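Me: I'm new to this structure and would like a close look at a single part of it. Please start with how the parts meet, and explain any terms as you go.

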Amino acid sequence: MKQNIPFSLIAPGHVDFDLLAQIGSDLTARAGGTIGLEDTFPVMLRQCIDDVIMTPKTGRRSYEELEKTEKTYIGTRVEIELIALLGLPRAGHLDTQVCGVDVDIKNTMGSNWMIPTEAVDKPCILVAADEARARCYLGIVVARPDYLSAGQNKDAKRSISAEGFAHIHWLLCDHPYPANFWRTQPEITVTKIFSGKSGNARMAELFRCVQGQIIERDVVEAVAQQKDFMRRIRSDKGRGTRDILEREGIVLLSGQYDGQLIRALNLPPCPQSAFISFAPNTPQLIRLARQAGFPDLPDLMQATSMI
């Protein structure tokens with residue numbers, strides 16, 4: 001998305017203010033208020049993108065690796081998920097209705113939206129995701145001809161003009177959303193993780209390389225590339241990922257089962273479906289971890305010599 005978005009002109013006295021304010025208030029209320037919208041919308045957007053990338057099944061790790069048709073499908077997926085998230089009806093002549101008014105939903109992973117002829121002069125919900133910067137956007141515009149570009153594509157769709165951006169009523173603008181995990185890691189780390197010959201080896205390398213950071217279940221599944229990865233990640237008669245790392249002085253913690261120890265180690269809050277690893281670096285922390293279920297954790301000097 002373009003980073004020099006102009007200041008919005010939507011304010012009392014603007015021709016679109018009353019309608020856009022009403023629609024915006026309704027959408028925000030449906031999300032549980034501003035905080036609810038800020039919490040749920042970014043997560044929904046991340047899930048829509050990741051579900052199309054399908055790293056566990058395809059081995060792809062970024063939006064850029066998708067086929068053209070898959071990139072197009074993300075827009076459809078976002079429309080479906082947004083309607084479900086906000087409890088909007090499937091009604092009217094466009095994608096949905098808000099406050100009894102037909103509304104279209106447009107999504108982009110680029111810098112603009114393509115407005116079809118049937119949505120001209122109608123309110124449009126605008127969704128955008130900037131994968132490179134992990135920033136998202138949610139706005140509403142009445143797609144008046146004056147706000148659209150003069151040119152059109154072969155389907156007679158027109159984009160929002162540079163001047164038209166000023167007539168967007170933003171609910172979220174340049175707002176952070178969960179980054180693609182693989183974009184946050186150095187390429188050398190990613191290569192090292194995926195060089196393992198087995199699922200256990202790759203998962204162990206993941207939690208060696210990325211410590212103190214929340215690792216979601218889908219990332220673990222993508223690395224494991226096997227159906228029984230959840231069994232492998234746990235203690236498994238000395239062969240599981242947790243067992244391997246424990247002998248190296250690293251505790252592999254589950255948000256579901258190890259919440260108390262995660263808090264005691266002063267690690268970031270970990271959702272129940274996620275994991276986090278950490279190498280206790282003082283005798284006190286090692287003793288704490290042993291008491292909490294890691295009896296084979298080596299002493300500090302032993303653990304250091306294994307690195």
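Reply: Between them, domain 1 and domain 2 bury about 400 Å² (accessible area, 1.4 Å probe, that the two parts lose on being put together, summed over both), and 63% of that area lies on carbon and sulfur atoms. On the domain 1 side, Thr55, Pro56 and Arg61 supply 87% of the area buried against domain 2, more than any other three residues.

A word on the model: it is predicted, so local features need pLDDT of at least 70 and side-chain atom pairs count only at pLDDT 80 or more, while totals for chains, interfaces and linings use all residues. Residues are numbered from 1 along each chain as its sequence is written, and side-chain values use heavy atoms, leaving out hydrogens and water.

Domain 1 covers 16–176 and domain 2 covers 185–292 (bounds from an automatic or database domain assignment). Their centres, taken over C-alpha atoms, are 36 Å apart. Four residues of domain 1 and five residues of domain 2 take part in the contact (heavy atoms within 4.5 Å). The number of salt bridges between the domains (a side-chain nitrogen of Lys or Arg within 4 Å of a carboxyl oxygen of Asp or Glu) is zero.

Now for helix α1, residues 17–30 (helices are DSSP runs of H or I, at least four residues, numbered from the N terminus). Its 14 residues should span 20 Å at 1.5 Å a residue (1.5 Å times one less than the number of residues), and its end C-alpha atoms are indeed 20 Å apart. Leu20, Ala21, Ile23, Gly24, Leu27 and Thr28 are its buried residues (under 20% relative accessible area, 1.4 Å probe, protein chains only; exposed is over 50%, partly exposed in between). They lie on the same side of α1 because they cover an arc of only 165 degrees around the axis (using directions from the helix axis to the C-beta atoms). An α-helix has 3.6 residues a turn, so residues three or four places apart point the same way. On the face turned away from the buried side of α1 sit the exposed residues Asp18 and Ala29.

Let's zoom in on Ile23, which belongs to α1. Ile23 counts as buried because its relative accessibility is 0%. Setting aside residues up to four places away in sequence, Ile23 touches Val98, Cys99, Val103, Pro123 and Ile140. Although Val103 is 80 residues from Ile23 in sequence, their C-alpha atoms are 9.5 Å apart in space. Finally, just after α1, Gly32 has a positive phi of about 90 degrees.

Note on methods. Helices (H or I, at least four residues) and strands (E, at least two) are DSSP runs, numbered from the N terminus.
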